[in-house]
Amino acid sequence: MSKLDRALGELRQMDDLAAQQSPIHRLHPLAKLLATVAYIVAVASFGKYALSGVLVMVVYPALLFQLSGIPARTCFYKMRLVLPLVMAVGLFNPFFDRAPLLWIGTVAVSGGVVSMLTLMLKGVLCLTASFLLIATTSIDALCAALRRLRVPGMLVTLLLLTYRYVGVMTQELAVMTDAYHLRAPGQKGIHYTAWGSFLGQLLLRSVDRAEELYASMQLRGFRGEFHYADPGPFRASDGLYAALVVGACALLRWVDVAALLGGAVVR
């Protein structure tokens with residue numbers, strides 16, 4: 001199986017994950033969207049030295065992994081290409097901020113090390129929360145929730161069609177790659193002399209496929225407003241979930257829970 005085929009398989013796996021049944025999957029997409037946005041805002045708002053506060057925020061994705069039935073290893077495997085970039089954000093902090101911030105026994109820990117770990121953890125948690133939202137909510141339901149928040153229909157439709165067209169374009173790329181390898185057996189990859197013509201053909205095929213898709217949408221009644229999947233009524237349990245998550249995020253952000261727990265243990 002080629003890399004492109006594996007990429008297509010992973011895209012289908014995301015749709016399969018969103019189609020599962022669990023207490024989190026059955027929640028209204030608007031409630032999950034509001035909870036995720038509140039969580040990401042709370043995590044991103046922590047100071048650069050607030051490592052203990054960010055560590056406490058791990059509770060939210062840990063609970064969602066348990067309630068949704070999605071293994072944590074699946075999340076980190078899907079994000080394997082993005083995580084190194086996120087982890088590299090604060091790598092140079094220890095070189096610029098060398099002043100000791102805290103002591104662990106006789107070992108001094110500089111502020112740069114603490115801020116590096118804080119930035120890395122914040123990035124990982126925000127990515128994990130976003131993954132859990134996508135893995136428990138179909139793209140159609142998510143777009144419907146965005147429209148309920150009065151996000152412009154053009155932007156929402158663009159998001160939906162881009163998500164759908166990634167698979168179509170990857171499939172076209174896989175067909176072209178297979179055809180190239182049949183004409184150049186034994187060659188690894190695509191020779192640099194063919195890059196220009198290859199990309200040009202991919203662009204032309206993509207434009208032709210996009211026109212065919214748009215024509216089929218018009219035949220089915222598309223007039224600029226997409227009819228997204230109806231996620232159903234917003235129930236009291238959905239509102240309770242969103243309120244609990246928003247309240248918990250606010251509490252963990254403004255109350256130093258780690259210090260309170262540490263003081264209780266010391267006593």
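**Exercise 1. A threonine in H8**

Leaving aside neighbours within four places in sequence, which residues is Thr118 in contact with?

*Solution.* Start with the setting. This is a predicted model. Thr118 sits in helix H8, which covers residues 111-136. Next, check accessibility. Thr118 has 0% relative accessibility and counts as buried. Now list the partners. They are Gly47, Lys48, Tyr49, Ala50, Leu51 and Val54.

**Exercise 2. The overall make-up**

Find how many helices and strands the protein has, and what share of its residues is buried.

*Solution.* Count the elements: there are 13 helices and two strands. Then turn to burial. Of the 267 residues in the protein, 36% are buried. Finally, look at sequence separation. Take the contacts with a separation of 6 or more: 77% of them come from residues 24 or more positions apart.

**Exercise 3. Two partners of H2**

Work out how H2 is oriented to H9 and to H12.

*Solution.* Take H9 to begin with. H2 (residues 29-44) and H9 (residues 139-148) pack at about 75°, and their axes are 8 Å apart. Angles of 65 to 115 degrees count as roughly perpendicular. H2 and H9 are therefore roughly perpendicular to each other. On the H2 side, the contact uses Pro29, Leu30 and Leu33. On the H9 side, Ala141, Leu142, Ala145, Leu146 and Arg148 take part. By class, that gives seven nonpolar residues, no polar ones and one charged.

Now take H12. Here the angle with H2 is about 5°, with the axes 9 Å apart. Angles under 35 degrees count as roughly parallel. So H2 is roughly parallel to H12. H2 brings Ala31, Lys32, Ala35, Ala38, Tyr39 and Ala42 to this contact. H12 answers with Asp238, Tyr241, Ala242, Val245, Val246, Cys249 and Arg253. The class count for H2 with H12 is ten nonpolar, no polar and three charged.

**Exercise 4. Inside H2**

Decide whether Thr36 is buried or exposed, then list its contacts beyond four places in sequence.

*Solution.* Place the residue: Thr36 belongs to helix H2. Its relative accessible area is 5%. Buried means under 20%, so Thr36 is buried. Leaving aside neighbours within four places, Thr36 touches Tyr60, Ala129, Ser130 and Leu133. Look again at Tyr60. Thr36 and Tyr60 lie 24 residues apart in sequence, and their C-alpha atoms are 9.8 Å apart.

**Exercise 5. H9 and the loop after it**

Find how many residues of H9 are buried, and what phi Arg150 takes just after H9.

*Solution.* Seven of the ten residues in H9 are buried, so this helix is mostly covered. They are Ile139, Ala141, Leu142, Cys143, Ala144, Ala145 and Leu146. These buried residues pack against H2, H8 and helix H10 (153-183).

Move on to Arg150. Arg150 is in the loop between H9 and H10. Its phi is positive, about 65°, although Arg150 is not a glycine. With a relative accessible area of 72%, Arg150 is exposed.

**Exercise 6. The nonpolar cores**

Identify which helix gives the most residues to the largest nonpolar core.

*Solution.* The largest core has 33 residues. Those with the most contacts inside it are Tyr39, Met57, Tyr60, Leu125, Phe131 and Tyr241. Several elements give two or more residues: helix H1 (3-18), H2, helix H3 (51-56), helix H4 (59-68), H8 and helix H12 (236-254). H8 gives the most, with eight residues.

Follow one core residue outward. Leaving aside neighbours within four places in sequence, Phe131 contacts Met14, Leu17, Ile70, Thr74, Cys75, Lys78 and Met79. There is also a second, separate core of ten residues. Among its members are Cys143, Ala145, Val156 and Leu160.

**Exercise 7. Charged partners**

Find how many salt bridges the whole structure has, and which side chains meet in a salt bridge.

*Solution.* A search of the whole structure gives one salt bridge. The side chains of Arg235 and Asp238 meet in it, at 3.2 Å from N to O. Compare the accessibility of the two. Arg235 is partly exposed, at 41% relative accessible area. Asp238 is buried, at 0%.

Methods:
Residues numbered from 1 in each chain as written. Predicted model: local features only at pLDDT ≥ 70, side-chain atom pairs only at ≥ 80, totals over all residues. Heavy atoms only, no water. Axes fitted to C-alpha atoms, helices over the stretch in contact; angles between N-to-C directions. Helix = DSSP H or I, 4+ residues; strand = E, 2+ residues; numbered from the N terminus. Parallel < 35°, antiparallel > 145°, perpendicular 65-115°, else oblique. Contact = heavy atoms within 4.5 Å. Nonpolar A, V, L, I, M, F, W, Y, C, P; charged D, E, K, R; others polar. Salt bridge = Lys/Arg side-chain N within 4 Å of Asp/Glu carboxyl O. Buried < 20%, exposed > 50% of the residue type's maximum accessible area, 1.4 Å probe, protein only. Core = buried A, V, L, I, M, F, W, Y, C linked by side-chain atoms within 4.5 Å.
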